[in-house]
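I set out to look up the side-chain contacts of this structure, taking the aromatic rings and the charged groups in turn. My notes follow.

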Amino acid sequence: MAATLFSTSLSPQFLSLSAKPNPATPSATAEFSADLRIFVGNLPFSVDSAQLAGLFEQAGSVEMVEVIYDKLTGRSRGFGFVTMSSVQEVEAAVEQFNGYVLDGRSLRVNSGPAPPRELSSPRGPRGEANRVYVGDLSWGVDNSALANLFNEQGEVLEARVIYDRESGRSRGFGFVTYGSSEEVENAISNLDGAELDGRRIRVTVAESRPPRQQY
């Protein structure tokens with residue numbers, strides 16, 4: 001089966017496995033129903049579209065694969081999408097690969113339309129909607145270290161560690177802001193419980209106000 005690879009930019013990278021005689025067109029994903037599309041999170045950063053396609057072919061016929069890359073760095077953002085040929089194959093793939101360990105990482109696999117509903121809201125999400133709260137931070141973690149970790153899950157707009165005004169020491173938590181709620185969901189799924197500077201961090205959706213304010 002011949003695979004045609006075409007990419008208009010580093011984000012995303014498309015791998016079309018369909019044999020339909022419609023040559024390179026970046027909008028090929030529009031040919032397939034959203035019910036046939038699978039979200040794959042917590043991907044190892046070394047996995048490309050061809051490798052992801054090879055894995056999911058074990059569950060059925062793969063029509064298209066997209067691994068999402070950061071536009072600036074060209075690095076994988078740790079998630080992607082797989083389009084199968086039938087709903088039955090989608091169900092089989094989710095059953096087979098959700099929790100599947102690939103290169104040391106447990107995949108998060110679910111079906112359904114990719115963008116969360118708030119992304120298509122005409123008003124646009126508030127700042128808090130795209131912000132995560134990060135707790136149990138090591139005292140040595142600063143804004144840069146926080147940004148470096150969370151950049152692996154999406155484009156970080158702001159990373160801020162909260163410091164005590166009097167002592168200048170970290171209060172052990174901070175906030176990270178993304179450009180989309182999909183990136184927030186990906187960060188929570190992949191980084192909640194992850195280890196940073198020797199401590200397991202806690203990652204949740206940020207509340208409209210900081211959890212507790214002490215002065």
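Entry 1, ring cluster. I worked throughout on a predicted model. I looked up the aromatic rings and found that F39, F79 and F81 are linked into a cluster by ring pairs.

Entry 2, charges over rings. I then asked which charged residue lies over the face of F81. I found R37 there, at 4.1 Å from the ring centre. I also recorded R199, which lies over the face of W139 at 5.9 Å from the ring centre.

Entry 3, R37 again. I looked up the salt bridges and noted that the structure holds five. In one of them, the side chains of E66 and R37 meet, with 2.9 Å from N to O. I placed E66 in strand 4 (residues 62-69) and R37 in strand 3 (residues 37-41), so this pair ties together parts that are 29 residues apart in sequence. I checked the accessibility of E66 and obtained 4% relative accessibility; E66 therefore counts as buried, since the cut-off for buried is under 20%. I concluded that R37 has two entries here: R37 lies over the face of F81, and R37 meets E66 in a salt bridge.

Entry 4, first contact of helix 4. I looked up E183 and found a salt bridge with R77, the closest N and O atoms being 2.4 Å apart. E183 lies in helix 4 (residues 181-191) and R77 in strand 5 (residues 76-84), so the pair ties together parts that are 106 residues apart in sequence. Are E183 and R77 buried or exposed? I found both E183 and R77 to be buried.

Entry 5, second contact of helix 4. I recorded a further salt bridge, in which the side chains of E185 and R108 meet at 2.8 Å, N to O. Because E185 lies in helix 4 and R108 in strand 8 (residues 108-111), this pair ties together parts that are 77 residues apart in sequence. I noted E185 as partly exposed, with a relative accessible area of 35%. R108, at 21% relative accessibility, counts as partly exposed, because the cut-off for buried is under 20%.

Entry 6, ring pairs. I returned to the rings and counted eight aromatic pairs. One of them is formed by F173 and F175, with 6.1 Å centre to centre and 90° between the planes. I entered this pair as edge-to-face, because planes over 60 degrees apart count as such. I closed the entry by noting that F173 and F175 are both buried.

Methods
Residues are numbered from 1 along each chain as its sequence is written. This is a predicted model: local features need pLDDT of at least 70, side-chain atom pairs count only at pLDDT 80 or more; totals for chains, interfaces and linings use all residues. Side-chain values use heavy atoms; hydrogens and water are left out. Rings of Phe, Tyr and Trp (its six-membered ring) pair if their centres lie within 6.5 Å; planes under 30 degrees apart count as stacked, over 60 as edge-to-face and the rest as tilted. Buried means under 20% relative accessible area, exposed over 50%, partly exposed in between (1.4 Å probe, protein chains only). A charge sits over a ring if NZ of Lys or CZ of Arg is within 6 Å of the ring centre and within 35 degrees of the ring normal. Helices (H or I, at least four residues) and strands (E, at least two) are DSSP runs, numbered from the N terminus.
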